[in-house]
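User: Please explain how the descriptive terms for a protein structure are justified. I would like to see each value set against its definition.

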Amino acid sequence: MKNRALVFLLTLSFLLVPLSVPAQKDQTDFSDLEKVFMKDFEERGAPGAAIAIISGDRIIYSKLVGSSNVETGTPVTADTLFLIGVTSRIFVSAALASLAEEEKIPLDEPIGNRIQGLNPRVAKLSIHNLLSSTGGIRHERYRYGPRDDKGLEQYVRALSNDYFFADPGKAYSSSSVSSAVTGYVTEQLGKKSFGDVMQDRFKKLGMFRSTFRQDIAMTYPLAQGHEVSGLTAPIVIRPFMDNAIFRADSMMFSTLNDMARFAIAFMNGGKVEGRQVLSPSVIAKMSTPVARVHGTNVMEKGEYGYGMFIYDYRGVKVMEQDSVWLGFSARFRMVPEHRFAVIILANSNVGGFHDTVDKAFETVMPVKPRQPVQPKTAIKIDAAESQKYVGQYFNPPDEIEIALKDGQLVFKQLGMELPISKIGDERFQIQPPSAPGPIELKMMTGEDGKVEFMYSSLRAFKKIR
């Protein structure tokens, strides 16, 4: 009997140890990449950061620098938890798409067929609408809120028609409210609270430290978010944010090792270490572009799958979801065709690491030479064309006015008035005084030839008059 108990305890202790993916030696010279990474790290002032480069089914390079907390000096490790912000949407999309497949629920079926008592417009949404961010639902800014799991259900069941700015399927628009509904559908199909459903999914993937629950995250080595201004030393952000309503949107905690496991599984037919942990059909669905993305300087011809942006980068097809959120930043890039990925986590409110990502691609991938950025020349438009864009554009609670002033199109919002320059086919830009660069606007016309939406910063604004 004692021997059986000993075997059980040994087995249990093994299961509770995170299944890390150790870096293996590779012939590639990463010395230049490491120099760029350290330069990026120092320039951004982050207390700590971690990077992993994945090729095939293994980590071929990793680097851990700095501390998880400036007040304690605790070193960053590959198993330190970071808050990964909206990069969380990748993992929630994988979980909900997997649940739908297991329960044999069509992705285009209205969620009201399975969940009773929802607002009629909410009930007409499909899982496809939610995972592709095409539900026509507004975005809501948030920070703190209810911590009890019941807060999510109360919020979703109280959603009214006021939360919609467009019909489902009309336009991609990033939305925290849509993510909240996604989280609620996930817990309803999983028959547990959202955090517990995700915990089960993480265990299946071997991501034993990843969690949406703060009470679990705090039991492991946990990085603290920091504000970095350049004027003072990094400051720990207090209090730590929590809001049960929007956990599915941006409140996942994960580690470099756990995220690497997911990337390896995603790029290798759902297998990691010989185990099938993710359905190949779910991977295929997440990898299929379903909506055009407009109004961003980064992805001029970008698209959106389930939880990730999909676009061409120097000749290779990239899938990504980055985040900068309340003292943390995360960069998650995959090129499934070449089974390549780069993951960067940092504990500061400064994003970046653009040069590091570029260098990682150049070091490992067959990318085309970087093309010099050509300055965008303003295109002259006449009064008749200008009048086509004049009107009010709405994505509650935000409203933008495009007006014509002395023959010049101007952008008006919250007392700010900025001139608009045309730079391409229904593409425009503005330059806010506080922004490091111009912000792109994209106008989209409907079947009647009239402007229907304006896109800006990954959000769609419907023209209402």
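The questions and answers below take up confidence, helix packing, empty spaces and the backbone.

Analyst: This is a predicted model, in which local features need pLDDT of at least 70, side-chain atom pairs count only at pLDDT 80 or more, and totals for chains, interfaces and linings use all residues. Residues are numbered from 1 along each chain as its sequence is written, and side-chain values use heavy atoms, with hydrogens and water left out.

User: What is the mean pLDDT of the protein chain?

Analyst: The pLDDT is the predictor's confidence in each residue, from 0 to 100. The mean for the protein chain is 91, and 93% of its residues reach 70 or more. Over residues 1–19, however, the pLDDT is below 50. Beyond near neighbours in sequence, this stretch has 11 contacts in the model, a contact being heavy atoms within 4.5 Å.

User: Why are helix 7 and helix 8 called roughly perpendicular?

Analyst: Helices are DSSP runs of H or I with at least four residues, strands are runs of E with at least two, and both are numbered from the N terminus. Helix 7 (residues 176–190) and helix 8 (residues 194–205) pack at an angle of about 70°, with their axes 8 Å apart. Axes are lines fitted to C-alpha atoms, for helices over the stretch in contact, and angles run from 0 to 180 degrees between N-to-C directions. Angles of 65 to 115 degrees count as roughly perpendicular, under 35 as roughly parallel, over 145 as roughly antiparallel and the rest as oblique. Helix 7 and helix 8 are therefore roughly perpendicular to each other.

User: Which residues of helix 7 and helix 8 meet?

Analyst: G183, T186, E187 and G190 of helix 7 meet F194, V197 and M198 of helix 8. The contact divides into three nonpolar, three polar and one charged residues. Here Ala, Val, Leu, Ile, Met, Phe, Trp, Tyr, Cys and Pro count as nonpolar, Asp, Glu, Lys and Arg as charged, and the others, Gly among them, as polar.

User: What makes an empty space a cavity or a pocket?

Analyst: On a 1 Å grid over the protein atoms alone, a cavity is a set of points where a 1.4 Å probe fits but cannot get out, whereas a pocket is an open set with protein on both sides within 12 Å along at least five of seven lines; lining residues have an atom within 4 Å of a point. Grid points are joined across faces, edges and corners, and a volume is the space filled by probe spheres set on the points. A search of the whole structure finds five cavities of 30 Å³ or more, and the largest has a volume of about 90 Å³. Its lining includes R89, V92 and S93, and helix 3 gives the largest share, three residues. The second largest pocket has a volume of about 240 Å³. Among its 16 lining residues, G169, K170, A171, M444 and Y455 are the closest to its centre.

User: Where are the cis peptide bonds of P239 and P397 found?

Analyst: R238 and P239 are joined by a cis peptide bond with omega of about -5°, and P239 is in the loop between strand 5 (235–236) and helix 10 (247–250). The cis bond between P396 and P397 has omega of about 10°, and P397 is in the loop between strand 16 (391–395) and strand 17 (398–405).
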